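Work through the exercises below with the model open. Each task is followed by its solution, step by step.

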Amino acid sequence: MIEPTASKIACDFINYPTDERFTDEHIRKFQGCPTIAITKGGRIFLAWYSGGTREPHIENFNLLIKSDDLGNTWSEPIAVIPSNCERFVHALDIQLFTAPDGRLFVFWVQNDTKPDLRNPDGSKINPGYDVDGIIFDDYVHAMWVSVCEHPDADELVFSKPRYAGKGFLRCKPLVMSTGDWLCFNYDQMSDRYGYSVSSDDGATFVRHYGARKIPSPFDEAMAYEKKNGDIRMFARTMNTGDLAESVSHDHGLTWDDAKNSRITSPSSRFFVARTPSGRVLMVRNDHPTARTNMTLCLSDDDGETWKTRCIDSRCDLSYPDADFLGNEIFLTYDRERTGAKEILFAKFTEDDILDDRREIRISIVSKP
């Protein structure tokens, strides 16, 4: 019997790794699910999920890099978080977030796995989804975090990892006008949207459940605060062709019943947030079933209507994440996680979305 430790012991947080399995991008057989964060000083941090031959895999790891020239060049990995094969703990999906006070939060997810043991007749001792001799049957998940107090410093110091609560975090927290943080670390085992609230700047998170889900095994919810104070949450759905939405009129205490938003999206992650100018930005795949047509959507009227611009019409594009600095928007997403294995990056302004004659250049950050 293997003791479950995903919520008890953090996987290693390795600063400046030297092992070539982390540093040599050319041997990577899988990578995707990127995330991005900008510091107050203009340093860009970008991270993603890699290792092994696919997702999930017990050799998966998360890696973190940076850019000090607004994305023109990128560093070697400055940190990695590998799965712990000895304890059968899987490390997956990293998420970056710059707090209002400037600290960099590095969140990631852990879950427990089991060896695929067999009876003499060949039947499984541990039933469940198996990949290369490992059973992935833990859908509870554990959210962990490490914090860099001074992310613009020459020497980066990350705190000892700490367990931040149950659930699967895959999108940035929302800092509400109350000062509380709304963090959608969802529960795959629940039929309601799971989330946590922090009232102490990310030191602790209190677990809650909201509206009943429009069915999906991957909520990946994200929200923005409307000008009237309502919190409008969107979530991924399965096979509806649109995002789900639910609204809270009391800053996350209670939620309206979830409904179809009529905003086209396949079953995939999206991004939504209010920009520094006060507009609302959404980035999504503009297709009901396929991960294609990566599209920028900008709203002047609090999300009632949207001006859209498709910036990439290729196939197998997914998981956009963005952040802001001044009037610039910084975006990352992936392409073909086991094919091209591209981690992509773009920077642009709201005017570039509104005027499709302006060029938006997409560059490759990593391509094994």
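**Exercise 1.** In this predicted model, classify the two partners of the salt bridge between Asp-137 and Lys-114 as buried, partly exposed or exposed.

*Solution.*
- Start with the contact: the side chains meet at 2.8 Å, N to O. The cut-off is 4 Å, so the pair qualifies.
- Place the partners. Asp-137 lies in the loop between β10 (134-136) and β11 (142-148), and Lys-114 in strand β8 (residues 114-115). They are 23 residues apart.
- Apply the accessibility limits: buried is under 20%, exposed is over 50%. Asp-137 has 27% relative accessibility, so Asp-137 is partly exposed. Lys-114, at 29%, is therefore partly exposed.

**Exercise 2.** Do the same for the salt bridge between Arg-170 and Asp-93.

*Solution.*
- The closest N and O atoms are 2.6 Å apart.
- Arg-170 sits in the loop between β12 (162-166) and β13 (174-175). Asp-93 belongs to strand β6 (residues 89-98). The separation is 77 residues.
- Arg-170 has 0% relative accessibility, so Arg-170 is buried. Asp-93 has 5% and therefore also counts as buried.

**Exercise 3.** Which loops hold Glu-220 and Arg-236, and which strands make up the sheet with β17 and β18?

*Solution.*
- Glu-220 is in the loop between β16 (206-212) and β17; Arg-236 is in the loop between β18 and β19.
- Their side chains form a salt bridge at 2.9 Å, N to O.
- Glu-220 is buried at 2%, and Arg-236 is buried at 5%.
- The open sheet has four strands in the order β17-β18-β19-β20, with antiparallel pairing. Its edge strands are β17 (222-225) and β20 (259-264).
- Five bridges join β18 to β19. Ile-231 stands opposite Ser-248 in β19.

Key
Residues numbered from 1 in each chain as written. Predicted model: local features only at pLDDT ≥ 70, side-chain atom pairs only at ≥ 80, totals over all residues. Heavy atoms only, no water. Pairing = 2+ DSSP bridges. Helix = DSSP H or I, 4+ residues; strand = E, 2+ residues; numbered from the N terminus. Buried < 20%, exposed > 50% of the residue type's maximum accessible area, 1.4 Å probe, protein only.
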